[in-house]
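I opened this entry to record what I looked up in the structure. My notes follow in the order in which I made them.

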Amino acid sequence: MPVHNKEITDKLNEVADLLDLKGENEFRVRAYRNAVRTISGLSKSVAEMEDNDENISSLPDIGDSMVEKIEEIVETGNLKQLEKLKKEIPSSLVEIMKLEQMGPERTKILYEELDIDSISDLKKAVEDGKVEELKGFGKKTADNIKREIKEYSQKGGSKRIKRSEAEEEIQPLIKYLEDKMDDVTIAGSFRRKKETVGDIDILATSDDVENAMKAFTEFDEVDRVLAHGEKKSSVKLRTGLQVDLRIVGKNEFGAALLYFTGSKEHSVALRKTGQEKDLKVNEYGVFSGKKKLAAKTEEKMYKALGLHYIEPELREDKGEFEASRNNNLPKLIELNDIKGDLQTHSKASDGKYTIKEMVEAARDLGYEYYAVTDHSKKVSMANGLDEKRLAEQIEQIDELNGKMKKIKILKSVEVDILEDGSLDLPDDILKELDIVICSIHYNMNLSKKKQTRRILKAMENPNFNILAHPTGRRINERSPYDLDMEEIMKEAKDKGCFLEINANPDRLDLDDDNARLAKEIGLKLSISTDAHSVDNLNFMKYGIAQARRGWLGKEDVLNTRAWKDLKKLLKR
DNA sequence: GCCGTTTTCGGCCCGACTGTTTTCAGTCG
């Protein structure tokens, strides 16, 4: 059983945590974290690269010493260094360090002075008043720790929430702030359109900074104020969402927006780029000595550093700098490039609206075509269609197509891929359809080998067009099923099949890394909403965001094409 | 521990805020 990248990064991360606790050189600690970032950004398995004698030491931040450690993990599943560290320092301290406000220093002091090596120990010590007596701690710090422990035990650790949820949650605050200050802009991972966000970073300008900050901290939904400074304040909303507000000068807005959009990794790389040119980069601008070269807009900031503008979705330090220097950045897909939706449901299965209602809504979005893809019979929970009902639906669509202007309804189905890789409906009805969407809803826990084979087998069916929600994951709820995604993508490309980015904000499956892998392989993807209601058709924007994070352009996506062109592509 | 057209040694991103100090360490992003 080959070692997953995550198993490698988990071990290296733990080494970093323990070295940190030990008080090791911070740059040595950082070296491990840098290596972790490199590996987790790979779309390939390190273990397989090792097997193929690929040179992993050429990867950034992976040096000779790191290669040895990785090889040891790949070969033995263990890392002696880590085992040794665990004997020196209880690894339960790592959990304490994950609490907000608790870093390696404080954790170490608590362990050394009070012998605290678990959260429950810490809780008791705080309650007994022992923590506040420690040098460098004090009453307020002790109270903060107490509250963090309480929140931690309620939430079971900090959890990122779906971006779509955060978007909804934050609207009232944004509206409120727009009344009180200018240029209110959400930055951070929200602006980078990450599928989940940890907190919300807001940027604004104001002529009266003091009152603007005050207004922010006094917002009705604020549960408590974490920090209240003249440039930055942080609050926790009643919903548990943390929001940071920074008020910056109008002339430095671009510098600040760039800085606070991140990612952290992108910002670090940006400052390194500056350093190489003897320029200093911070949230106030690009500087040569004391001379300010740029600050007002992000475009000017990048330009001063010799770079082409990089879209927020690409700012992860995953190759965008090289592409920017070489003027080789992709022109990313946009919402209005989409010409139709290729996965939707109607009342016939588990949708909420009739085909006609759904199609009318799609037409109002300006779509040229629209596929009706109700479930097949295996999905009985969703009242899936058998041959007879699907045949009736085909007739119904033919009739509707005769009446509806401006939009073509595609006859389709979301047919289940059964455990043995066969499809849930017979070929003679599938071949009557304009397009066939295939997906898995049962037997999700097969081994990687079996699950991969199941899908490869299904693609042998000449009616197979698109594999929908290819990994089955649901964000924060269900892990992706175990698959050899690269093999599936390569086979799909060879066979003339396609994969989907499911735009439902709970799924967003394929994810950004896999979407990018598809692009590298040359496999085109569809972006579809999986809408079960008229409102759901608006999920498309989330799918577009995911595609943009995967570096996809208009040309990489199936349903940016007119139907006559798409039809040719679907022909196998 | 990683890295290298000024370097194989000596750097390694940078600033804001809090709380505990009395000038700054710790944490965060």
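**The two sides of α4**

I began with the face of α4 that is turned away from its buried side, and found the exposed residues D64, S65, E75 and T76 there. I note that the model is a predicted one.

I then listed the buried residues of α4, which are M66, K69, I70, I73 and V74. Because they cover an arc of only 135° around the axis, I place them on the same side of α4. The general rule is that an α-helix has 3.6 residues a turn, so residues three or four places apart point the same way.

I next looked up what the buried residues of α4 pack against, and recorded α1 (5–22), α2, α3 (46–51) and α5 (80–88).

I also checked the length of α4. Its 13 residues should span 18 Å at 1.5 Å a residue, and the end C-alpha atoms are 18 Å apart, which agrees. Just after α4, I noted a positive phi of about 80° at G77.

**Surface near DNA strand B**

Which residues come nearest to DNA strand B? Of the 41 residues around the strand, I recorded G63, M66, G103, G138 and G229 as those that come nearest. M66 is thus in this group and is also one of the buried residues of α4.

I looked up which elements supply at least two residues each to this surface; among them are α2 (26–40), α4 (64–76), α7 (104–114), α9 (139–155) and β5 (222–228). The largest share, 6 residues, comes from α14. By class, I recorded 18 charged, 13 polar and 10 nonpolar residues on the surface near DNA strand B.

**The loop between α2 and α3**

I located L42 in the loop between α2 and α3. Is L42 buried, exposed or partly exposed? With 16 C-beta neighbours inside 10 Å, L42 counts as partly exposed. I also noted K318, which is 276 residues from L42 in sequence, while their C-alpha atoms are 9.0 Å apart in space.

**Chain A as a whole**

I recorded 24 helices and 17 strands in chain A. The C-alpha trace spans about 80 × 60 × 50 Å along its principal axes. For 572 residues, a compact globule would have a radius of gyration near 25 Å; chain A has 26 Å, which agrees. Buried residues account for 41% of the chain. Finally, among contacts between residues at least 6 apart in sequence, I noted that 67% join residues at least 24 apart.

Notes. Residues are numbered from 1 along each chain as its sequence is written. Chains are lettered from A and ligands numbered from 1 in the order in which they are written. This is a predicted model: local features need pLDDT of at least 70, side-chain atom pairs count only at pLDDT 80 or more; totals for chains, interfaces and linings use all residues. A residue is near a molecule or strand if its C-beta atom, placed from the backbone, lies within 6 Å of it. Helices (H or I, at least four residues) and strands (E, at least two) are DSSP runs, numbered from the N terminus. Ala, Val, Leu, Ile, Met, Phe, Trp, Tyr, Cys and Pro count as nonpolar, Asp, Glu, Lys and Arg as charged, and the others, Gly among them, as polar. The expected span of a helix is 1.5 Å times one less than its number of residues. A residue is buried if 20 or more other C-beta atoms lie within 10 Å of its own, exposed if 12 or fewer, and partly exposed in between; C-beta atoms are placed from the backbone. The arc is that of the directions from the helix axis to the C-beta atoms. Two residues are in contact if their C-beta atoms, placed from the backbone, lie within 7 Å. The radius of gyration is taken over C-alpha atoms; the globule rule is 2.2 Å times the number of residues to the power 0.38.
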